[in-house]
Every structure is written in structure tokens, then in C-alpha cells.
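Colleague: I've got the model open and want to talk it through with you. Can you take my questions in turn and show me how you get to each answer?

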Amino acid sequence: MLNLLSKLKMKSPSKERLEGIIALGKWRYVLTRGVLMFGLVLPISAVSADYLQGESLQLQTIMVALVVGPITGLCFGLYTWADFNRRYEKFMKVEG
């Protein structure tokens, strides 16, 4: 079972990728990758998919998507920033 879980884990990012993410800076990373990429693209895509499936667009649904999406994206961005930072620090301890 443990062997199966280890195969499902995400590959560890390379040192260059981690350094590139750290170089962006915390808030730029959170805003671009979290709020814009995750928090706006995903809800707009979901509303668009609903519309394309024949559901009518309702202002309430759009407003909820445009409020909840960026808040969720902010949380996602902060979480992934902390995760990348933790991985980078762990990587640097191993590398020395």
C-alpha cells in the first residue's frame, strides 16, 4: 500500500523551478497563480460550461463565482506558496 501511495505522489520540483517560483515573490505568485489562474479561470470556466450545456446564466451564480473564486484562489495560492517554500528549504538542507 505504501509503495502505491509513493507512486501517486507528485514529482518533486527541480531546484531551478523552485528558485524561479521563490524569485517571483510571495504576493506576485499568490496573485498570478492563485487568484488569477485558479480563482478566476476555474469559476469562469465552470459558469461557461454550465451555459454551454443549456443552463441559463443567472446573475447570482456569476456573482458567487466571481467572489468565491478569487477567495478560494487566494487560499490556494497561499497554500501552494507555503508548500513550495517548505520544499525549497528541505531541498537546500539536503543539498547543503
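**Around the arginine and its partners**

Modeller: Let me start with R86, which is partly exposed at a relative accessible area of 45%. Keep in mind that this is a predicted model.

Colleague: Which side chain does R86 meet in a salt bridge?

Modeller: The N to O distance here is 2.5 Å, inside the 4 Å cut-off for a salt bridge. The two residues sit three apart in helix 4, so about one helical turn separates them. The partner of R86 is D83.

Colleague: Is D83 buried or exposed?

Modeller: The relative accessible area of D83 is 15%. Buried means under 20%, so D83 counts as buried.

Colleague: What other residue does D83 form a salt bridge with?

Modeller: Look four residues along helix 4 from D83, again about one helical turn. The closest N and O atoms are 3.3 Å apart, and both residues of this pair are buried. The salt bridge is with R87.

Colleague: How many salt bridges does a search of the whole structure find?

Modeller: We've been through D83 with R86 and D83 with R87. D83, R86 and R87 are linked in a network. For the whole structure, the search finds two.

Colleague: Let's zoom out. In what order do the elements run from the N terminus on?

Modeller: The protein has four helices and zero strands. With no strands to place, the order from the N terminus is α-α-α-α.

Colleague: What share of the contacts with a separation of 6 or more comes from residues 24 or more positions apart?

Modeller: One pair of rings, Y29 and W81, ties together parts 52 residues apart in sequence, since Y29 lies in helix 3 and W81 in helix 4. Over the protein, the share for residues 24 or more positions apart is 86%.

Colleague: What percentage of the 96 residues is buried?

Modeller: The accessible surface comes to about 7400 Å², and carbon and sulfur atoms hold 65% of that surface. As for buried residues, they make up 22%.

Colleague: Now the inside. Which element gives the most to the largest nonpolar core?

Modeller: In soluble globular proteins, nonpolar side chains tend to be buried together. Here the largest nonpolar core has seven residues: L18, I21, Y29, V30, W81, F84 and Y88. Two or more of them come from each of helix 2 (15–24), helix 3 (26–52) and helix 4. The one giving the most, with three residues, is helix 4.

Colleague: V30 is in that core. Beyond its neighbours within four places in sequence, which residues is V30 in contact with?

Modeller: Contact takes heavy atoms within 4.5 Å. Leaving those sequence neighbours aside, V30 is in contact with V35, L74, G77, L78 and W81.

Colleague: On to the rings. How many aromatic pairs does the search of the whole structure find, and what is the angle between the planes of Y29 and W81?

Modeller: The search finds three aromatic pairs. Y29 and W81 form one that is tilted, at 5.8 Å centre to centre. Both residues are buried. The angle between their planes is 45°.

Colleague: And what kind of pair do Y29 and F84 make?

Modeller: Y29 counts as buried at 5% relative accessibility, and F84 does too at 8%. Their ring centres are 6.1 Å apart with the planes at 85°, and planes over 60 degrees apart set the type. So this pair is edge-to-face.

Colleague: Which residues do the ring pairs link into a cluster?

Modeller: Y29 lies in helix 3 and F84 in helix 4, so their pair ties together parts 55 residues apart in sequence. Adding the tilted pair, the cluster is Y29, W81 and F84.

Colleague: How far apart are the C-alpha atoms of N85 and L18?

Modeller: N85 lies in helix 4 and is partly exposed, with a relative accessible area of 25%. Along the chain, N85 and L18 are 67 residues apart. Their C-alpha atoms are separated by 8.0 Å.

Colleague: Last one, on the surface. What accessible area do V64, V67, V68 and I71 have together?

Modeller: These four form a nonpolar patch. V67, one of them, is found in helix 4 (residues 59–95) and is partly exposed at 46% relative accessible area. Together the four have about 340 Å².

How values were computed:
Residues are numbered from 1 along each chain as its sequence is written. This is a predicted model: local features need pLDDT of at least 70, side-chain atom pairs count only at pLDDT 80 or more; totals for chains, interfaces and linings use all residues. Side-chain values use heavy atoms; hydrogens and water are left out. Patches are made of residues with over 30% relative accessible area and no salt bridge: like charges are joined within 9 Å, nonpolar side chains (Val, Leu, Ile, Met, Phe, Trp, Tyr) within 5 Å. Accessible areas come from the Shrake-Rupley method with a 1.4 Å probe; for residues, only the protein chains shown count as cover. Buried means under 20% relative accessible area, exposed over 50%, partly exposed in between (1.4 Å probe, protein chains only). A nonpolar core is a set of buried Ala, Val, Leu, Ile, Met, Phe, Trp, Tyr and Cys residues joined through side-chain atoms within 4.5 Å. Rings of Phe, Tyr and Trp (its six-membered ring) pair if their centres lie within 6.5 Å; planes under 30 degrees apart count as stacked, over 60 as edge-to-face and the rest as tilted.
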